[in-house]
Amino acid sequence: LKLGILASGNGSNFEAIMDAIEDSRLNAKVNVVVCNNPGANVLERAAKWSIPTVLLNHREFASREVLDQAIVDTLVQHDVGWVIMAGWMRRVTQHLIDAFSGRLLNIHPSLLPSFPGLHAVQQALDAGVQLAGCTVHYVELAVDSGPIIMQAAVPVLAGDTEASLQSRIQVQEHRIYPAAIALAAHAHFTKTS
Ligand code: GRF
């Protein structure tokens, strides 16, 4: 699998994917990391792994459509087959979805369809749920929607803060994202109809 990663921030999921590739849990190569945020830590992580990075600062694009056209062009130039959104904080357009139809994945820190959008972990705490978690899904136009590929649940513990629950969820994100990519690829390549 030739992956392109879209990331805006820390990049711990990018790193988990690299670790999975390194230990042969995922048969893939990351061809490029596209980032919209010049200060993002993911840029340093990618440099450490010698993965090419392309910075497309959304502030320099006139619209979501123009940004997404630049993203698609960049992914095509880097011969990307599968697009992995790993902490990508921009809404995507239909153009990007269509360009990588069935090969565009996202991870979200809730058990979707509960708590889409920003601050999902705080939303879960505010709702008083006893199980939180994370979801890997195919991307559709509505934020954090689309068919679910894999989920993991974690308990909400007494005294949890947003940070403590987030870190328990991230352990599971780092485990399921590489597995979900492999599962989606397997499903894609074995489709008979
Ligand atoms: C993750 O919690 C993911 O679910 C959400 O953004 C966060 C990204 O974390 N979409 P990282 O940048 O991979 O560390």
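This passage describes the ligand site, one aromatic pair and two backbone features of a predicted model.

Residues are numbered from 1 along each chain as its sequence is written. In this predicted model, local features need pLDDT of at least 70 and side-chain atom pairs count only at pLDDT 80 or more, while totals for chains, interfaces and linings use all residues; side-chain values use heavy atoms, with hydrogens and water left out.

The ligand sits in the largest pocket. A pocket is found on a 1 Å grid over the protein atoms alone, as an open set of points where a 1.4 Å probe fits, with protein on both sides within 12 Å along at least five of seven lines. A molecule sits in a pocket if more than half of its atoms lie within 2 Å of its grid points. Helix 1 (12-22), strand 5 (104-108) and helix 6 (162-189) each give two or more residues to the shell around the ligand. Helices (H or I, at least four residues) and strands (E, at least two) are DSSP runs, numbered from the N terminus. Helix 6 supplies the largest share of the shell, three residues.

Residues around the ligand, with a heavy atom within 4 Å of it, include Asn-10, Gly-11, Ser-12, His-108 and Gln-170. Polar contacts are pairs of N or O atoms within 3.5 Å. A polar backbone atom of Asn-13 lies 2.8 Å from an oxygen atom of the ligand. Two side chains also take part: a polar atom of Gln-166 is 3.4 Å from a ligand oxygen, and one of Glu-173 is 2.5 Å from a ligand oxygen. Alone, the ligand exposes 370 Å², and the protein buries 86% of that (Shrake-Rupley method, 1.4 Å probe).

The model has one aromatic pair. Rings of Phe, Tyr and Trp (its six-membered ring) pair if their centres lie within 6.5 Å; planes under 30 degrees apart are stacked, over 60 edge-to-face, and the rest tilted. The ring centres of Trp-82 and Phe-189 are 6.4 Å apart and their planes are at 55°, so this pair is tilted. Trp-82 belongs to strand 4 (residues 82-85) and Phe-189 to helix 6, 107 residues apart.

Two backbone features lie in loops. Leu-112 and Pro-113 are joined by a cis peptide bond, with omega about 10°. Pro-113 lies between strand 5 and helix 5 (120-127). Ser-24, a residue other than glycine, has a positive phi near 60°. Ser-24 lies between helix 1 and strand 2 (29-35).

How values were computed. Polar contact = N/O pair within 3.5 Å; in protein donor to acceptor, adjacent residues only side chain to side chain. 1 Å grid on protein atoms, 1.4 Å probe; cavity = no way out; pocket = protein on both sides within 12 Å on 5 of 7 lines; lining within 4 Å.
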